[in-house]
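Work through these short exercises with the model in view. Each task is followed by its solution.

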Amino acid sequence: QRGHQLRLASAQLCKLIDMELLDEAQAKAPEAPFEDVECPPLGGALRVRALDLPQRLAFEARIKALLAKNPDAGDAAVYPVLPELLALCVVGKKGGPYYSIERWRLFSAAPANQALVLQLFNRAWSLSGLGGEDAKKN
């Protein structure tokens, strides 16, 4: 048993020693996960991208604070984050925010736009790893 463990450790060490360092000149530019979503009320498509790690950590802290402040409100306690997430994750052609928080609030006030707003929110939530198994692990 002990000999087997030593052989495995030795093999892993050899892999590390033989591992070649990466050349930064050949590095591919990293890109956040994204999805383009058709938005008929806006006349085209918008890109929904994932939060980066600092944004995600800040966003999760915001959600925890809202839940702590309003423990009896349930999901309603976190409704204010909906336009906040959209302002961070929904971008236009040049990669900048499509709407501000206030503009997403105004856009979502029209009942005809609410299904699209929820669709964009759900994509941003999922792409950012805020729902499902990833969130449960964290």
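**Exercise 1.** Among the elements of the chain, which has the lowest mean pLDDT and which the highest?

Solution. This is a predicted model: local features need pLDDT of at least 70, side-chain atom pairs count only at pLDDT 80 or more, and totals for chains, interfaces and linings use all residues. Residues are numbered from 1 along each chain as its sequence is written, and side-chain values use heavy atoms, with hydrogens and water left out. pLDDT is the predictor's confidence in each residue, from 0 to 100. Helices are DSSP runs (H or I, at least four residues), numbered from the N terminus. Helix H6 (residues 133-137) has the lowest mean, 43, and helix H4 (residues 101-109) the highest, 97. Over residues 133-138 the pLDDT is below 50.

**Exercise 2.** Classify the pair Phe-59 and Trp-125.

Solution. Take the rule: ring centres of Phe, Tyr and Trp (its six-membered ring) lie within 6.5 Å; planes under 30 degrees apart are stacked, over 60 edge-to-face, the rest tilted. By this rule there are six aromatic pairs. Here the centres are 6.4 Å apart and the planes at 75 degrees, so the pair is edge-to-face. Next, place the residues. Phe-59 lies in helix H2 (residues 53-69) and Trp-125 in helix H5 (residues 111-127), so the pair ties together parts 66 residues apart in sequence.

**Exercise 3.** Is Phe-59 buried or exposed?

Solution. Buried means under 20% relative accessible area, exposed over 50%, partly exposed in between (1.4 Å probe, protein chains only). Phe-59, at 4%, is buried. Trp-125, at 24%, is partly exposed.

Definitions and conventions:
Helix = DSSP H or I, 4+ residues; strand = E, 2+ residues; numbered from the N terminus. Contact = heavy atoms within 4.5 Å.
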